[in-house]
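The following exchange takes up the terms used for a protein model and sets each one against its criterion.

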Amino acid sequence: MATCFRLRSCLALHLLRTPPSRVLRPRADYPVARIRGYARGPLGLSSALLRTDGFVGGSWLPAAATFPVHDPASGAELGLVADCGVPEARAAVRAAYEAFCSWRGVSAKERSSLLRKWYDLMIQNKDDLAKIITAESGKPLKEAQGEILYSANFLEWFSEEARRVYGDIIYTPAKEKRALVLKQPLGVAAVITPLADQAGIPPGVYNVIPCSQKKAKEVGEALCTDPLVSKISFTGSTATGKVLLHHAANSVKRVSMELGGHAPFIVFDSANVDQAVAGAMASKFRNSGQTCVCSNRFLVQRGIHDSFVKKFAEAMKTNLHVGNGFEERTTQGPLINEKAVEKVEKHVSDAISKGATVVTGGKRHQVGKNFFEPTLLSNVTRDMLCSQEETFGPVAPVIKFDTEEEAVAIANVADVGLAGYFYSQDPAQIWRVAERLEVGMVGVNEGLISSVECPFGGVKQSGLGREGSKYGIDEYLELKYVCFGGL
C-alpha cells in the first residue's frame, strides 16, 4: 500500500540527506532553546535528520506559509515548518496513488527488505532522533529513546509479517469448482500521525504533509474525502476521530482509529501492594501522564486503600523528578502546552471543591509555566471531573470501593475503553475481571502492556481496528474471493 501522511504540529523526522537551505531554522527575533551537552547541528540537534518541508513524490515540497514549533519546557521557538494545505494534500494523494500502481506488484520479499532497511536506519540514528523528540515534546530523553526503539520495532515486525500474508483454498460442494481467497493491498492510506524515510522506498510510496493546527481541519477533510484514498488511520482525540469518521463515511473508506482513553487501575484487597504501587508508577507517570494508555482512575478496595495511598505517595516523592527532559535526573517533563496545564488545574480544583484531599502535589511546578507537580488525590468521588474525563496529565485520583462488582461497574461506566489495569492474587477473580472489563487491552498485575507483537486498540469510543501483532496487517488488506470453475 502507498501512504500519504499528514503531520500534526510537529517536527518532521526523516532519514534523508538534508539540503542546507531547508534545515530547521530559528527566527532571529525569537529566543532559541539551548540544549546542554549536544552541540552538533542547528539548536544542538542533528541537521541531517531535521526536515521542515513536505515530501511528495520523492521530492521536498516547500509551502508558501510556515508554522512555529516550540519547546514546551522553555517556550522558545525551535523552528518553522512548512504549513501545507489542501493543494499539497491532494498532490500527495495522487503521488501515492500513482506509486501504488507499481508498488502493489513488488514482491513481499523486496518490500520486507526495504522495511528492514528502514528499521536499521532508525536504530543507527536512535540517539539523534530521541533528542529531536525531547526537544519537541519535552519528555525525558530516556523515554524518547524508548519511543524510538518501540517505533522502530513496528518496522522490524511488519518487515517480517510482510512475508507471511497468506490466502486460503476452500473446497466447495461442487466438484468442478475451487474457491480461492486472496489477500491484496488496500491502496492509498492516509495516516494522520508522524513518521520517516531513506531506505530506498520508491518515490510516491511515502509522502509527508506537515500542517498547522489552523489548517488541520481542511487538510484532514481533503484526505478523508479524496476518492483515491482507500484507508484512513488516525491517532488522536475521540472528538477529532468522529469528525474524520464522518468524512470517511461518504466514500465508505476503511478506517482505523486509536482514540482517547480513561483507563481504570483497580487494586483489590488480595493484591501485592508493593507490586501495585510499582505498576501504578509505570502506568500513570510515563510522559507526565500524557499517553493514551496512562491510568486515569485508581480504584482501590477498602481493606488495602490506606496502605496503597501511603506507599504510592512515598514512591512519587522519592522517584519522580520534574525538570527539562535533557537533564539526566528528570523523570517528569513539561505538559505539551499551557492549555494542557489549564485542564489539569481545572480537574484538580474541581476535585478539591467537591471534597478531595491533596496527598501530594496539586499545583504548577516552579520550574516553568508548562510544568505541573505530580499529584495524588484521595477521597475522590465519581462526580468529579477527574473521574469522568481523561486528564492527560500527572494526576492520580484514588476512589475507594467495597466490592468487585462495584469496581467493575465504575470502570465500565466510561464511554471509552482503551486500556485497563488491575492487581489481584485471586485466580478466579483475575479471570472474571479480565473478561468483564470493557477495554481493548488489560494489564493483570502489570502496568506496561504495549508490545509490537500484541494487538493494540480499544473498544467503545476508544477506536476501531488494531495496531501491531499478526492482526494489525489485516487492517491494510482486502480479501478477494475467486471462484475457479470448469475443472
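**Strand pairing and packing**

Q: Which residue of E20 stands opposite Ile 266?
A: In this predicted model, the residue opposite Ile 266 is Phe 422 in E20.

Q: What makes strand E14 and E20 a pair of strands?
A: Two strands pair if there are at least two bridges between them. Strand E14 (residues 263-267) is joined to E20 by three bridges, so the criterion is met. The two strands run parallel.

Q: How do you know that E20 pairs with strand E21, and in which sense?
A: Four bridges link E20 with E21 (residues 441-444), and at least two are needed; E20 and E21 therefore count as paired. The sense is parallel, and Val 442 in E21 is the bridge partner of Gly 420. Between E20 and E21 the chain passes through helix H12 (residues 427-436), in a right-handed β-α-β crossover.

Q: Why is strand E20 called mostly covered?
A: A residue is buried when its relative accessible area is under 20%. In E20 (residues 419-423), five of the five residues are buried. The cover lies on both faces: Ala 419, Tyr 421 and Tyr 423 are buried on one side, and Gly 420 and Phe 422 on the other. In the chain, buried residues make up 52% of the 487 residues.

Q: In what sheet do E20 and E21 lie, and what is its pairing?
A: They belong to an open sheet of seven strands with mixed pairing, ordered E16-E17-E18-E15-E14-E20-E21.

Q: Why do strand E16 and E21 stand at the edges?
A: Strand E16 (357-360) and E21 each have a single partner strand, so one side of each has no neighbour in the sheet. On average, neighbouring strands of this sheet are turned by 25° against each other, direction ignored. For E16, three bridges lead to strand E17 (residues 375-378) in an antiparallel arrangement, and Thr 360 stands opposite Leu 376 in E17. Helix H8 (residues 302-319) packs on this sheet and touches E14, E15 (295-301), E16, E17 and E18 (395-401). The direction of H8 makes about 135° with that of E15.

Q: What makes strand E8 and strand E24 edge strands?
A: Each of E8 (168-171) and E24 (477-484) pairs on one side only. They belong to an open sheet of three strands with antiparallel pairing, in the order E8-E9-E24. E8 and E9 (residues 178-185) are paired over four bridges, with Ile 170 opposite Ala 179 in E9.

Q: How do helices H5 and H6 pack, and what makes up their contact?
A: H5 (residues 213-225) and H6 (residues 238-249) pack at an angle of about 35°, with 8 Å between their axes, and the crossing is right-handed. Contact requires heavy atoms within 4.5 Å; Gly 220, Glu 221, Cys 224 and Thr 225 of H5 meet Leu 244, His 247 and Ala 248 of H6.

Q: How do the residues of the contact of H5 with H6 divide by kind?
A: Three are nonpolar, three polar and one charged. Gly counts as polar and Glu as charged, so Gly 220 belongs to the polar residues and Glu 221 is the charged one.

Key:
Residues are numbered from 1 along each chain as its sequence is written. This is a predicted model: local features need pLDDT of at least 70, side-chain atom pairs count only at pLDDT 80 or more; totals for chains, interfaces and linings use all residues. Side-chain values use heavy atoms; hydrogens and water are left out. Buried means under 20% relative accessible area, exposed over 50%, partly exposed in between (1.4 Å probe, protein chains only). A crossover is right-handed if, with the strands pointing away from the viewer, the path from the first strand over the helix to the second runs clockwise. Axes are lines fitted to C-alpha atoms, for helices over the stretch in contact, and angles run from 0 to 180 degrees between N-to-C directions. A crossing is left-handed if the near helix is turned anticlockwise from the far one by less than a right angle, and right-handed if clockwise.
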